Amino acid sequence: MIILGIESSCDETAAAVVEDGRRVLSNVVSSQIDVHKKYGGVVPELAARHHVRNIVPVFKEAIEQSGIELSGIDRIAVTNRPGLVGSLLVGVNFARTAAYILKKPLFAVNHIEAHIYANFIQHPELTPPFLALVVSGGHTLLLMYRGPGDFDVLGTTVDDAVGEAYDKVAKLLGLGYPGGPEIDRIYKEMGENDIMFPRPKVRNNALNFSFSGLKTAVRVFFQKNSDVPKTYIAAAFQSAAIDSLIQKTKRAITATGAKKIVLAGGVSANSLLRRRVEELGVPYYYPSIELCTDNAAMVAAAAFFMPTEDDVFSVDAIPNLKIK
Ligand code: KG4
Ligand code: ZN
């Protein structure tokens, strides 16, 4: 089965062609990093305009690279939730039109689940159920995942997402955008040091996350200690942020008896997170670096496993998803 995937939920315009949910025939991503860099974060209005400009060329390139004729496509998959509304609408309307004209079934995909399915491309042997840690610029979630639309949310962030904390700390320290890859690079160079930022405690649900206290601690430390190199502060921030992800993941494994752990989302590219997950003592999975951040191959992969198509006339963009 050949699936065309479309992704435009944030600042990446992407199209991909995937066979049987696991074999990537093409995966084209047009990043807008250069557009948003000078603002230190994604500007929604600019993102939407760039999606409008990029969607057709990106789609054309994905089809050309795949070597598949339009008539050979069996399904069209598109991210319709959650994300920036103006961004989502570009992909959703493109996919609806394509599905209508080509007379192909349309599948509306949850972006968070799509990140999880990036692992199915990488690891053909992977099957649910598993514990998933979804960590990106917009989400920090621990899920017990059983299949499309069938999962329990065990924990989420009560304030910032972990990737958002990376991006804000990088902005504060003047390290550029996006912050994650840069802070990770610094950490790999410097390793641990003796600056100890707090590991947040969250009331009520022991599996929930919090990152705004850590972000404030970094800011206060930075303001008070102008003699400490920024690279030290960045590396200490990474230790604290990843430590907190690992602590909650450990707790979730104990609470659920999960037999496998799956990492997903942009922050799963992080070298320290990967290393520390490997030390947890349960089988672990994470995608290759290029499949961690936003792409359309993961969207096409997710649609392969979805049981029912959606109505081409009623699929809409859902910016704020109440996940469950
Ligand atoms: O999944 P993604 O591309 O977009 C969202 O759905 O949000 O994730 C982007 C996020 C950004 O916050 C970026 O700083 C972070 O992933 N990121 C990283 C790394 N690479 C990307 N964070 C930590 N370490 C990395 N190596
Ligand atoms: Zn994402």
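Which backbone oxygen does the side chain of Ser-26 reach at 2.7 Å? The first legend gives the answer. All views come from a predicted model.

**View 1. Ser-26 and its surroundings in strand E3.**
Ser-26 belongs to strand E3, which covers residues 23-31. The backbone oxygen in question is that of Ala-62, with the side chain of Ser-26 at 2.7 Å from it. Ser-26 has a relative accessible area of 3%, and buried means under 20%, so Ser-26 is buried. If neighbours within four places in sequence are left aside, the residues in contact with Ser-26 are Ala-16, Val-17, Ala-62, Gln-65 and Ser-66. Ala-62 thus appears both in this contact list and as the owner of the backbone oxygen. Arg-274 is 248 residues from Ser-26 in sequence, and the C-alpha atoms of the two lie 26 Å apart in space.

**View 2. His-36 in helix H1.**
Helix H1 consists of residues 33-36, and His-36 lies in it. The relative accessibility of His-36 is 0%, and His-36 therefore counts as buried. The side chain of His-36 makes a polar contact of 2.8 Å with the side chain of Gln-32. Apart from neighbours within four places in sequence, His-36 is in contact with Asp-11, Gly-41, Val-42, Val-43, Leu-46, Ala-47 and Tyr-177.

**View 3. The aromatic pair Tyr-100 and Phe-313.**
The structure contains 14 aromatic pairs. In one of them, Tyr-100 and Phe-313, the ring centres are 5.7 Å apart and the ring planes stand at 70 degrees. Planes over 60 degrees apart count as edge-to-face, so this pair is edge-to-face. The two residues come from distant parts of the chain, 213 residues apart. Tyr-100 sits in helix H3 (residues 85-102), whereas Phe-313 sits in the segment after helix H11 (297-304). Both Tyr-100 and Phe-313 are exposed.

**View 4. A nonpolar surface patch with Ile-101.**
Tyr-100 and Phe-313 appear again here, joined by Ile-101 in a nonpolar patch on the surface. Together the three residues of this patch have about 400 Å² of accessible area. Ile-101 is located in helix H3. Its relative accessible area is 58%, so Ile-101 is exposed.

**View 5. An aromatic cluster.**
Which residues form one aromatic cluster? The members are Tyr-117, Phe-120, Phe-130, Tyr-145, Phe-151, Phe-304 and Phe-305.

How values were computed. Residues numbered from 1 in each chain as written. Chains lettered and ligands numbered in written order. Predicted model: local features only at pLDDT ≥ 70, side-chain atom pairs only at ≥ 80, totals over all residues. Heavy atoms only, no water. Phe/Tyr/Trp six-rings, centres within 6.5 Å; stacked < 30°, edge-to-face > 60°. Helix = DSSP H or I, 4+ residues; strand = E, 2+ residues; numbered from the N terminus. Buried < 20%, exposed > 50% of the residue type's maximum accessible area, 1.4 Å probe, protein only. Contact = heavy atoms within 4.5 Å. Polar contact = N/O pair within 3.5 Å; in protein donor to acceptor, adjacent residues only side chain to side chain. Patch = residues over 30% accessible without salt bridge, like charges linked within 9 Å, V, L, I, M, F, W, Y side chains within 5 Å. Areas by Shrake-Rupley, 256 points an atom, 1.4 Å probe, with all protein chains shown as cover. Salt bridge = Lys/Arg side-chain N within 4 Å of Asp/Glu carboxyl O.
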